[in-house]
Amino acid sequence: VAESVAFAALPTDKAARYRELLPQLASLVEGEPDLIANLANVTAALHECLPIASWIGFYIRRSDTELVLGPFQGKVACVRIAFGRGVCGTAAADARTLVVPNVDEFPGHIACDAGSRSEIVVPIVRDGRVVAVLDLDSYELAAFDAVDADHLDEVARLVASLAW
Ligand code: SME
């Protein structure tokens, strides 16, 4: 039986929610060598923790020029994103976290879901190389901030430590 990521009651404080989530994520992936299974469970746990996110998922680097859709929670999404394109491709090319409070103001934003209003993308960096990005979208403007960036960076470090 899979251990569930259970929030008895979701703390209203976002930072507190992330603090509860992080050890749960670590135990979810502990001892499991299958990357796809681990990435899938990470997106599911994040989805439970962050109801403000309409879409949560990974884009995985499959070549030096392209990211390809990985495990996610949410609506059907764009499959391939070129490095340097959109929020995901820019975060991957620059190896830095991008918080976009209003996607309509981000040049080249790729609208997989026309309802998306804001977004955060965090690179997964392994041995100095971006191997994937973690993308979260929301139907609300400015859904993500520095609290998300800081904690998702910890999630990214955990994910980077998996068997890639
Ligand atoms: N909006 C993203 C594309 C990915 S989806 O929204 C799931 C971007 O501009 O990179």
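Modeller: Buried means under 20% relative accessible area, exposed means over 50%, and partly exposed lies in between, with a 1.4 Å probe and protein chains only. Helices (H or I, at least four residues) and strands (E, at least two) are DSSP runs, numbered from the N terminus. This is a predicted model, in which local features need pLDDT of at least 70 and side-chain atom pairs count only at pLDDT 80 or more, whereas totals for chains, interfaces and linings use all residues. Residues are numbered from 1 along each chain as its sequence is written, and side-chain values use heavy atoms, with hydrogens and water left out.

Colleague: Why is β5 described as largely enclosed by the rest of the structure?

Modeller: The strand spans residues 118–126. It is largely enclosed by the rest of the structure because, of its nine residues, the number buried is seven.

Colleague: Which residue in β6 is the bridge partner of Ile 120?

Modeller: Strands count as paired if DSSP finds at least two bridges between them. β5 and β6 run antiparallel and are joined by nine bridges. They form a hairpin with two residues between them, and Asp 127 in the turn has a positive phi of about 50 degrees. Within β6, the bridge partner of Ile 120 is Leu 136.

Colleague: Which residue stands opposite Val 99 in β5?

Modeller: β4 (98–100) pairs with β5 in the antiparallel sense over three bridges. In that pairing, the residue of β5 opposite Val 99 is Ile 120.

Colleague: How many residues of β1 are buried?

Modeller: β1 runs antiparallel to β6, with seven bridges, and Tyr 59 stands opposite Val 133 in β6. Five bridges join β1 to β2, also antiparallel, with Gly 57 opposite Phe 72 in β2, and these two strands form a hairpin with four residues between them. The strand β1 is mostly covered, and its count of buried residues is nine of nine.

Colleague: Which residue in β3 is the bridge partner of Glu 66?

Modeller: β2 and β3 run antiparallel and are joined by three bridges. Their hairpin has six residues between the strands, and Gly 74 in the turn has a positive phi of about 135 degrees. In β3, the partner of Glu 66 is Ala 82.

Colleague: Which element gives the most to the largest nonpolar core?

Modeller: A nonpolar core is a set of buried Ala, Val, Leu, Ile, Met, Phe, Trp, Tyr and Cys residues joined through side-chain atoms within 4.5 Å. The largest has 34 residues, and those with the most contacts inside it include Leu 46, Ile 124 and Leu 134. Among the elements that give two or more residues to this core are α1 (14–29), α2 (35–49) and α4 (146–160). With seven residues, the element that gives the most is α4.

Colleague: Which residues of α4 does Leu 134 touch?

Modeller: Contact means heavy atoms within 4.5 Å. Not counting residues up to four places away in sequence, Leu 134 touches residues including Leu 46, Ile 56, Phe 58 and Ile 124. Its contacts within α4 are Leu 152 and Val 155.

Colleague: Which strands do the buried residues of α3 pack against?

Modeller: Helix α3 (residues 86–94) is largely enclosed by the rest of the structure, because seven of its nine residues are buried. Those residues are Gly 86, Val 87, Cys 88, Gly 89, Thr 90, Ala 91 and Ala 92. They pack against β1, β2 (66–73), β3 (80–82), β4, β5 and β6.

Colleague: How much of the accessible area that the ligand has on its own does the protein cover?

Modeller: Of the 13 residues around the ligand (a heavy atom within 4 Å), Val 87, Cys 88, Ile 110, Cys 112 and Glu 119 come nearest. Polar contacts are pairs of N or O atoms within 3.5 Å; within protein, one must be able to donate a hydrogen and the other to accept it, and residues adjacent in sequence count only if both atoms are side-chain atoms. A ligand oxygen is 3.0 Å from a polar backbone atom of Val 87, while polar side-chain atoms of His 109 and Glu 119 lie 3.2 Å and 3.1 Å from a nitrogen atom of the ligand. Of the 310 Å² that the ligand has on its own (Shrake-Rupley method, 1.4 Å probe; for residues, only the protein chains shown count as cover), the protein covers 98%.

Colleague: At what distance does the side chain of Asn 102 reach the backbone nitrogen of Asp 104?

Modeller: Asn 102 is found in the loop between β4 and β5. Not counting residues up to four places away in sequence, Asn 102 touches Arg 117 and Leu 141. Its side chain reaches the backbone nitrogen of Asp 104 at 3.0 Å.
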